[in-house]
Amino acid sequence: MTAVAVPHLEEHHDPEGSRFGMWLFLLTEILLFAGIFLLYAVYRYQFPEDFHYGATTLHTMVGAINTIILLTSSLTMVLSIAQLVRGDRRGAAVMLGATIALGLSFLVVKIFEWGDKIGHGLFPGSEELMEHTAGENMFYGLYFGMTGLHALHVIVGLGVLAVMLVRVARKPRTTVRIPAPGNVALSLASDDGRRLWDDNADDDVDGVEITLVYAKNEELTDKEVTKLENAGLYWHMVDVIWIFLFPFLYLIT
Amino acid sequence: MEEHTRIPYSRYLMVWFALVLFTGVTIMVAGLQVGGWSVFAAIFIAAVKGTLVLFYFMHLRYESGMFKMALTVAMLTLAVIMALTFADVSFR
């Protein structure tokens with residue numbers, strides 16, 4: 001019998017480097033949206049009356065409600081991280097769930113808003129818009145393009161948050177793999193020599209995987225903080241973009 | 001930030017309150033019909049709100065100078081692109 005030393009908890013962990021990588025990615029996202037904002041600014045400069053008219057057809061109240069929803073979801077997001085930092089996985093999961101619920105509400109409002117515009121025949125390439133001016137076509141094209149790309153980011157963000165919710169809600173765990181080709185029987189003992197479990201089966205395997213599920217483990221929870229922080233950074237970036245979209249599309253008339 | 005910074009919940013609540021307040025202000029200012037100033041006011045307030053999210057919710061305030069430097073470089077790049085585009089569009 002051979003005892004295998006498993007170097008599982010010695011793996012490299014660099015929270016700051018990880019966050020910096022996320023920031024670099026987010027900066028490219030900001031530049032992506034900035035390019036479209038620039039397109040909006042140039043066409044607004046070219047067709048001031050049409051953009052003025054277009055903005056008045058959007059419902060400021062609906063945009064304002066969605067702004068408050070996203071701002072509040074950002075608050076629950078930071079509170080979720082703050083609770084995980086303090087080791088409260090349950091509290092973090094609850095706040096993360098609230099963030100996801102708010103993100104979904106944002107999308108529901110958005111669907112009704114788009115539905116209303118499409119119901120009035122106002123969507124890119126519609127027969128109704130063909131009879132309108134070029135400037136109005138630009139406005140609605142940019143409206144659907146910008147809010148659409150933003151909504152896509154909300155959907156991706158919700159996916160990331162859902163994955164994190166599963167990770168945070170369950171007990172902290174770590175998996176180790178031991179290569180052991182051949183017919184093996186397993187026996188598991190704790191460090192102090194207590195026999196925990198025996199498997200007398202003679203199974204043909206390439207290796208075994210042991211998952212340790214802890215009732216509580218601060219070190220592992222701390223590693224998840226970094227992942228949740230990065231998910232949070234993405235979510236806040238989506239919020240920042242909406243903070244700029246709202247006045248540009250709904251308010252500047 | 002080797003140990004994750006513990007920021008009191010109350011600070012997050014205050015930032016959220018300020019963000020909601022600024023949203024109200026920007027809607028109010030837009031209704032005032034102050035002409036060209038309304039564009040300036042809307043962009044200014046959005047910039048203030050964005051900065052609050054970046055510095056407090058995204059913890060930029062507590063990060064090292066490297067993070068702030070990266071953001072500054074991105075913003076300067078953006079400023080150059082915008083200036084050149086507008087120089088092109090307005091003198092065509």
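## A residue to start from

Leaving aside its neighbours within four places in sequence, which residues is Val78(A) in contact with? In this predicted model, the partners of Val78(A) are Gly232(A) in its own chain and Tyr12(B) and Phe57(B) in chain B.

Val78(A) is also a good way into the nonpolar core. The largest such core holds 69 residues, and Val78(A) is among those with the most contacts inside it, together with Leu96(A), Val168(A), Leu245(A) and Leu249(A).

## What builds the core

Both chains supply elements that give two or more residues to this core. From chain A come helices H1 (15-46), H2 (48-57), H3 (60-85), H4 (89-119), H6 (134-169) and H7 (218-251). From chain B come helices H1 (9-30) and H2 (36-57). The most generous of these is H7(A), which gives 19 residues.

## Where the two chains meet

Now to the contact itself. Chain A brings 35 residues to it and chain B brings 33. On the side of chain A that touches chain B, the elements giving two or more residues are H1, H3 and H7 of chain A. By residue class, that side of chain A divides into 27 nonpolar, 5 polar and 3 charged.

## The layout of chain A

Step back and look at chain A as a whole. It has 7 helices and 2 strands, which follow the order α-α-α-α-α-α-β-β-α from the N terminus on. The radius of gyration of chain A is 26 Å, well over the 18 Å that the globule rule gives for 253 residues, so chain A is more spread out than a compact globule. Its C-alpha trace spans about 85 × 40 × 30 Å along the principal axes.

Of the 253 residues of chain A, 30% count as buried. Take the contacts in chain A between residues at least 6 apart in sequence: 79% of them join residues at least 24 apart.

## Two domains and a strand end

The domain assignment splits chain A into domain 1 (18-171 + 218-251) and domain 2 (175-211). Their C-alpha centres lie 48 Å apart.

Val213(A) makes a useful last stop. This residue belongs to strand S2 (residues 195-213) of chain A. Is Val213(A) buried or exposed? Val213(A) is exposed, because 11 other C-beta atoms lie within 10 Å and a residue counts as exposed with 12 or fewer. Beyond its neighbours within four places in sequence, Val213(A) is in contact with Lys171(A) and Arg173(A). Lys171(A) is 42 residues from Val213(A) in sequence, yet their C-alpha atoms are 6.4 Å apart in space.

Notes:
Residues are numbered from 1 along each chain as its sequence is written. Chains are lettered from A and ligands numbered from 1 in the order in which they are written. This is a predicted model: local features need pLDDT of at least 70, side-chain atom pairs count only at pLDDT 80 or more; totals for chains, interfaces and linings use all residues. A nonpolar core is a set of buried Ala, Val, Leu, Ile, Met, Phe, Trp, Tyr and Cys residues joined through C-beta atoms within 7 Å. A residue is buried if 20 or more other C-beta atoms lie within 10 Å of its own, exposed if 12 or fewer, and partly exposed in between; C-beta atoms are placed from the backbone. Helices (H or I, at least four residues) and strands (E, at least two) are DSSP runs, numbered from the N terminus. Two residues are in contact if their C-beta atoms, placed from the backbone, lie within 7 Å. Ala, Val, Leu, Ile, Met, Phe, Trp, Tyr, Cys and Pro count as nonpolar, Asp, Glu, Lys and Arg as charged, and the others, Gly among them, as polar. Domain bounds come from an automatic or database domain assignment. The radius of gyration is taken over C-alpha atoms; the globule rule is 2.2 Å times the number of residues to the power 0.38.
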